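Student: I'd like to go through the empty spaces in this protein. Can we take it step by step?

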Amino acid sequence: MGALSLRRSIVLDPLEFKLSRAVYMRAMSGLGLNFSNDARAAELAGDYCSSDPDQLWSLNWETVTIYMPPYMGNPNPRGLIIAVEGFTLRRLLGDGVVPDIVVTDFDYEPDNVIGFNGIVIGHAHGDNLDAYIKYAKHVHRLIPSVQVWPSNCSILIPGFTDGDRAVYLATYMGSRQIIVRGFNPDAQIKRSDEVKKTKLKLAEYFISRASRLTNISISKY
C-alpha cells in the first residue's frame, strides 16, 4: 500500500514533543516498553495513510468533546466529537452518537474501527507494529500518528497515551473549550499493572500541561 502522494508530515509543537518524549521515556524506563522500534514504526506508518492530514484544519475545533474509556453513557455531546479507542467508539455509536474522529493505537476493541467512516488518528509505535499493520490497512480515512519525527504522510502529536494525545490534538487545533468524559486514573481499564498505572499518571500530567493553553473540563465517566 502506498501513502497518499505529496502529503506532508505535520509536527504539533516540536518543543512540547521533545519534553513529553523525555518525560515518558524516563518514567517508563525499566518497564519493558520497546522505544527502539519507534523510528521503524514511524517509517512504516505513512505507508498506510489514506486521508490527508491537512483536512484536520477544515474541521470546527471551537468546542471539542473527548470520550475516553471508561465512558459509561449519557453522552451529551458538544461540538466536535473524538472517541478514544474502539471501545469508546462502540459505546458512543450505541448511544446514537457518531464521532468525527477516533484516536487509537489499535489495542482496545480495534475491530470496532473497521468500517468507521470518520477520521481515524491511528498511532504507530515500537510495541504495536503487528496490530498497526493488521488494522491500519482496513481503515477508510487513516491519518497515521507517530512517536518520533515523522518522515511522510503522518502527524506527530505530543504526549504518550491515546487520551492525552487527543487532548493535545484538540488544543493545538485551536479549541477554546475541551470537555473530557471518562478520564479516571483510578478505574481499571484493560488491565491494572505498573505499566498501566504509570501511563495513566503520565496522561494526567500531559493533560494538565495542555490545560495551560486552553479551557479543559474533566469528568470521570
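Tutor: Sure, terms first: helices (H or I, at least four residues) and strands (E, at least two) are DSSP runs, numbered from the N terminus. This is a predicted model, where local features need pLDDT of at least 70, side-chain atom pairs count only at pLDDT 80 or more, and totals for chains, interfaces and linings use all residues. Residues are numbered from 1 along each chain as its sequence is written, and side-chain values use heavy atoms, with hydrogens and water left out.

Student: Which helix gives the most to the lining of the largest pocket?

Tutor: On a 1 Å grid over the protein atoms alone, a pocket is an open set of points with protein on both sides within 12 Å along at least five of seven lines, and lining residues have an atom within 4 Å of a point; a cavity is a set where a 1.4 Å probe fits but cannot get out. For this pocket, α4 (129-136), α5 (162-172) and α6 (194-210) each supply at least two lining residues. With six residues, the top contributor is α6.

Student: What volume does the largest pocket have?

Tutor: Its lining takes in 40 residues, with Asp107, Thr161, Asp162, Lys190 and Lys196 nearest the centre. Grid points are joined across faces, edges and corners, and a volume is the space filled by probe spheres set on the points. For the largest pocket that comes to about 600 Å³.

Student: Which helix supplies the largest share of the lining of the largest cavity?

Tutor: The largest cavity holds about 50 Å³ of space. Its lining includes Phe17, Ser20, Tyr24 and His123. Three lining residues, the largest share, come from helix α1 (residues 14-27).
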